[in-house]
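Got your viewer open? Grab the mouse and follow along, one selection at a time.

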Amino acid sequence: MIEIKGIKSHRHLIFKTGFFTAVILLAALVCACSSKTVSDSPATQTRYDLLNTVITISIYDDVNDDVFNEVFDRISGIEKAMSVTLANSEISGAAAMAAKSPVVLSEETYLVVKEAYDITVESGGAFNLAIGPLVKLWGINTASPRVPVRAEIEHIKELLDYNAVVLSDTDRSVYLTFEGMSIDLGAIAKGYAGDVAAEVIKSYGVKHAIVDLGGNIITIGGRPDGSAWRIGVRNPIIGESGYIGVISVQDKSVVTSGSYERYFESGGHYYHHIFDEKTGYPADTGLLSVTIISDRSTDADKLSTVVFVLGLRDGLEFLKNYKDAEAIFITNGLEIYMTPGIIDSFAVTDNRFIIASE
Ligand code: AMP
Ligand code: MG
């Protein structure tokens, strides 16, 4: 069992800022280049220049490079359209036209914005697609993150009002009512990219493959021998590494939101990258991480963020609306809570973490 170290990279991050992959794929890594293979040795390609992360595709069927090229092209297109940091993206365009005029989006971007909007409304703002100004204020994605003073948070509060995001299905446009508003798809776009990757890979007739999108795992089928993929759930303790348990899955996406994924330290406190719009601070609901196992990677991504912000009890309640979504919560006290459907498929490997029940 070899561990692939899919560490998320970010060119702007300073050394104090942690930035680690959420889950670890436990599979045989053959090489970082592409090759035709059969049985247990996958054809594998890795890219380091997309979505600010490391993307590895491993295909266990006989394929040529076309499938890899098409997946990476599609992901590159998604990044160019949906990035909040690229000045020419559609999302940046919408922010530039805030308080001025609606901006017509491409079909694909509109679809993702719409899904982000819907989960925002459904979660009452726990997931907030209009969180952009708060993320910028904290500078969490930059080389110099900082803790803002209360007055700064109050000053931008109205810019986080998702009711001021106006979507029109008729012409696929988005209008941000106040100057300074911006949409941030950081909690969902990678999930969407995972679903697109799986769709492209399957269109080549592939039956066994795995995509590691910076820790978001998308499995296609099972392993070539018919067994399940084994996915390691990352140890969420800051300063530690490795995994604390293993999930066995087939044809599922596995996505984690965790406080250890991106953070900085200031005045003896750690501040992470998932914000609660109500406080203006990183969400603090007693959780270190939430892993969602779901059919769709987009669902797993958006739900892991929602549930991380809602916390254990409200998160479990919220998940009742998503029948195919299972969850593994890890609390500050190193307790593990699970939804019933995943209990038999998860094994703890680090005995400091104790399975608990409500
Ligand atoms: P994830 O790792 O999927 O939970 O997404 C975290 C990223 O989504 C952050 O880096 C921000 O760009 C953005 N984000 C932070 N807080 C929220 C929130 N409450 N709702 C939606 N997006 C958020
Ligand atoms: Mg997410």
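Here is a walk through the sheet, the cores, the ligand site and a couple of odd loops, keeping in mind that this is a predicted model.

**Stop 1: the sheet.** Switch to cartoon and pick out the nine strands of the open sheet, which follow the order 3-4-8-9-12-17-18-19-21 with mixed pairing. At its edges you'll find strand 3 (43–50) and strand 21 (354–355), each with pairing on one side only. As a reminder, strands of a sheet pair through backbone hydrogen bonds, either parallel or antiparallel.

**Stop 2: strands 12 and 17.** Select residues 253–258 for strand 12 and residues 287–294 for strand 17: the two are antiparallel and share six bridges. To see one of the pairs, show Thr256 and its bridge partner in strand 17, Thr291. Then add residues 312–319, which are helix 8. This helix packs on the sheet and touches strand 17, strand 18 (326–331) and strand 19 (335–338), with its direction at about 175° to that of strand 18.

**Stop 3: strand 18.** Stay here and turn on side chains. How many of the six residues of strand 18 are buried? Six of the six are. In a regular strand the side chains alternate between the two faces of the sheet. Colour Glu326, Ile328 and Ile330 one way and Ala327, Phe329 and Thr331 another, and you have the two sides of strand 18, both covered.

Now look at what flanks this strand. Strand 17 joins strand 18 through six bridges, running antiparallel, and Ser289 stands opposite Ile330. Strand 19 is also antiparallel to strand 18, over three bridges, and here Ile328 has Met338 as its bridge partner. Zoom in on the hairpin that strands 18 and 19 form: three residues separate the two strands, and Leu334 in the turn has a positive phi of about 60°.

**Stop 4: helix 1.** Head for residues 65–82. This is helix 1, lying across strand 3 and strand 4 (53–59) and running at about 20° to strand 3.

**Stop 5: the cores.** The largest nonpolar core has 86 residues, so show just the ones that touch the most other members: Ile59, Met82, Ile183, Leu185, Ile201 and Phe329. Centre on Ile201 and list its contacts, skipping neighbours within four places in sequence: you get Ile57, Ile59, Val67, Val71, Val206, Ala209, Val211 and Ile220. Apart from the 86-residue core lies another, of 21 residues, including Trp229, Val233, Val254 and Leu334. You've already met Leu334, in the hairpin turn.

**Stop 6: ligand 1.** Select ligand 1 and the 16 residues around it; Asn128, Asp184, Ser257, Phe275 and Thr305 come nearest. Which polar atoms are worth a distance label?

- Thr305: a polar side-chain atom lies 2.7 Å from an oxygen atom of the ligand.
- Ala126: a backbone N or O atom is 3.0 Å from a nitrogen atom of the ligand.
- Ala187: a polar backbone atom is 3.3 Å from an oxygen atom of the ligand.

**Stop 7: two loops.** Finish with two backbone oddities. Ala99 has a positive phi of about 65° without being a glycine, and belongs to the loop between helix 2 (90–96) and strand 5 (103–104). Buried or partly exposed? Ala99 has 37% relative accessibility, so it counts as partly exposed. Then jump to Arg172, in the loop between strand 6 (165–168) and strand 7 (173–176). Phi of Arg172 is positive too, near 55°, and with a relative accessible area of 30% this residue is partly exposed.

Terms used. Residues numbered from 1 in each chain as written. Chains lettered and ligands numbered in written order. Predicted model: local features only at pLDDT ≥ 70, side-chain atom pairs only at ≥ 80, totals over all residues. Heavy atoms only, no water. Pairing = 2+ DSSP bridges. Helix = DSSP H or I, 4+ residues; strand = E, 2+ residues; numbered from the N terminus. Contact = heavy atoms within 4.5 Å. Axes fitted to C-alpha atoms, helices over the stretch in contact; angles between N-to-C directions. Core = buried A, V, L, I, M, F, W, Y, C linked by side-chain atoms within 4.5 Å. Buried < 20%, exposed > 50% of the residue type's maximum accessible area, 1.4 Å probe, protein only. Near = heavy atom within 4 Å. Polar contact = N/O pair within 3.5 Å; in protein donor to acceptor, adjacent residues only side chain to side chain.
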